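Reader: Could you walk me through this model in plain bench language? I'd like short answers with the reasoning shown.

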Amino acid sequence: MRLLSANLTLAHKKLRSAFFLFLWIHSRGSWCCVTGAVVTGATDGIGKSYAEELARRGFAMMLISRSQEKLDDVARSIEEQFKVETRTIAVDFGKTDIYSKIEEGLAGLEIGVLVNNVGVSYPYPEYYLHIPDLDNFITNMINVNMTSVCQMTRLVLPRMCERSKGVILNISSASGMYPLPLLTVYSATKAFVDFFSRGLQEEYRRQGILIQSVLPFFVVTKMTRIKKPTLDKPTPERYVAAELTTVGLQSQTNGYFPHAVMGWVTTKLVPTSIVIFLGATMNRLQRTGYLQRRKLREQKNGQSLKTE
Ligand SMILES: NC(=O)c1ccc[n+]([C@@H]2O[C@H](COP(=O)([O-])OP(=O)(O)OC[C@H]3O[C@@H](n4cnc5c(N)ncnc54)[C@H](OP(=O)(O)O)[C@@H]3O)[C@@H](O)[C@H]2O)c1
């Protein structure tokens, strides 16, 4: 047992040092200029944790998110904690006319790392035709989850290729590993991110560019509304710290050991049809629970309006 634990600790240390070595190799010669990292969706959850971890490693930060107020708060906190220059761009990734503004904001920065993190999911699991405001829902989800990844890569990759170095981390999801009914559009957009990343990695691998597809299971964030971290549902800080140790070692990763086990079981051990059936069952139950709670809330509000 003690031998196993010693081996695991050694393996962990090796992984960490591989990441640091990788960053060192990839940033040699450019630390004197501004070596920057760009994170989309950087004001909360997983994106905020990436921004903090990269700032801790000395990268100048460019944070891109929707609300300027939240961006200012996160930028101030990062500058105070890690003493790195931190800039911000406020845009809504649900729109498609934002990329010239982002291009202007990025001009002149040497970008070593791009984290395509921004993403939106469903407010609750729902059958496709019952999704409220379906037309806008589709446009927004495709723009935020898919277009942002392609467009941000279009802006940043050319300069990385000129310098023959750069890292792009695309945050997909475990729900992109197989169809997830009642979260079907989300699941499909995340499968796109995974395919885009893996295809592009092969195209640009020989030019020294590292593109990683990251497929987390549940993480405790605003998106999942999970409040209490557990071993299989880590905090974003814990998840990101673990994920960064896989950069340079895996081009497709669940990023965190318990998630890697879950990924292995659900793709290698259990037939896909069963995984899809179980996903649908879980989401139907969640949908029923959500709609019942909503109905109760509405009844309560109706009663309190009557008594007023
Ligand atoms: N949490 C999980 O369990 C989990 C699992 C698998 C994959 N993922 C993926 O991980 C990524 C991050 O998820 P998260 O859970 O950290 O999400 P989150 O807590 O909801 O944070 C999302 C971030 O993106 C920003 N954002 C959302 N919509 C935006 C828009 N239209 N324009 C600009 N910025 C926008 C948010 O800003 P505001 O605060 O202003 O909204 C926030 O900073 C997503 O791609 C998600 O699909 C998450």
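Author: A bit of vocabulary before we start: buried means under 20% relative accessible area, exposed means over 50%, and partly exposed is in between (1.4 Å probe, protein chains only). Keep in mind that this is a predicted model, where local features need pLDDT of at least 70, side-chain atom pairs count only at pLDDT 80 or more, and totals for chains, interfaces and linings use all residues. Numbering starts from 1 along each chain as its sequence is written, and side-chain values use heavy atoms, with hydrogens and water left out.

Reader: Let's go for the ligand. Which residues come nearest to the ligand?

Author: A residue is near a molecule if one of its heavy atoms lies within 4 Å of it; the rule for a strand is the same. There are 31 residues around the ligand, and those that come nearest are Thr43, Arg66, Lys70, Tyr186 and Thr221.

Reader: And how do the residues of that shell divide into nonpolar, polar and charged?

Author: For the bookkeeping, Ala, Val, Leu, Ile, Met, Phe, Trp, Tyr, Cys and Pro count as nonpolar, Asp, Glu, Lys and Arg as charged, and the others, Gly among them, as polar. With that scheme, the shell around the ligand divides into 14 nonpolar, 11 polar and 6 charged.

Reader: Which helices each supply at least two residues of the shell?

Author: Helices (H or I, at least four residues) and strands (E, at least two) are DSSP runs, numbered from the N terminus. Two helices each supply at least two residues of the shell: H2 (45-56) and H6 (184-204).

Reader: What about polar contacts: how far is the polar side-chain atom of tyrosine 186 from an oxygen atom of the ligand?

Author: A polar contact is a pair of N or O atoms within 3.5 Å; within protein, one must be able to donate a hydrogen and the other to accept it, and residues adjacent in sequence count only if both atoms are side-chain atoms. Phenylalanine 93 uses a backbone N or O atom, 2.9 Å from a ligand nitrogen, and valine 219 also uses a backbone N or O atom, 2.7 Å from a ligand oxygen. For tyrosine 186, a polar side-chain atom sits away from a ligand oxygen by 2.6 Å.

Reader: How much of the area that the ligand exposes alone does the protein bury?

Author: Accessible areas come from the Shrake-Rupley method with a 1.4 Å probe; for residues, only the protein chains shown count as cover. Taken alone, the ligand exposes 900 Å², and the share of it that the protein buries is 95%.

Reader: On to charges. How many salt bridges does a search of the whole structure find?

Author: Here a salt bridge is a side-chain nitrogen of Lys or Arg within 4 Å of a carboxyl oxygen of Asp or Glu. Searching the whole structure gives 16.

Reader: Take lysine 222 and aspartate 44. How many residues apart are they?

Author: These two form a salt bridge, with the closest N and O atoms 3.7 Å apart. The pair links distant parts of the chain: lysine 222 is in the loop between strand S6 (209-214) and helix H7 (236-244), aspartate 44 is in the loop between strand S1 (35-40) and H2, and the separation is 178 residues.

Reader: Arginine 198 and aspartate 194: which counts as buried and which as partly exposed?

Author: Their side chains meet in a salt bridge (2.7 Å, N to O). They are separated by about one helical turn because they are 4 residues apart in helix H6. Arginine 198 is partly exposed because its relative accessibility is 39%; at 3%, the buried partner is aspartate 194.

Reader: And which residues do salt bridges that share partners join into one network?

Author: Another salt bridge pairs aspartate 232 with lysine 233, at 3.4 Å between the closest N and O atoms. Separately, salt bridges with shared partners make one network of Glu110, Arg159, Glu162 and Arg163.

Reader: Any odd backbone angles? Is leucine 182, with its positive phi, buried or exposed?

Author: Phi of leucine 182 is near 75 degrees, a positive value in a residue other than glycine. This leucine is in the loop between strand S5 (166-171) and H6. Its relative accessibility is 5%, so leucine 182 counts as buried.

Reader: Same for arginine 225: buried or exposed?

Author: Arginine 225 isn't a glycine either, yet its phi is positive, about 60 degrees. You'll find arginine 225 in the loop between S6 and H7. At 51% relative accessibility, arginine 225 counts as exposed.
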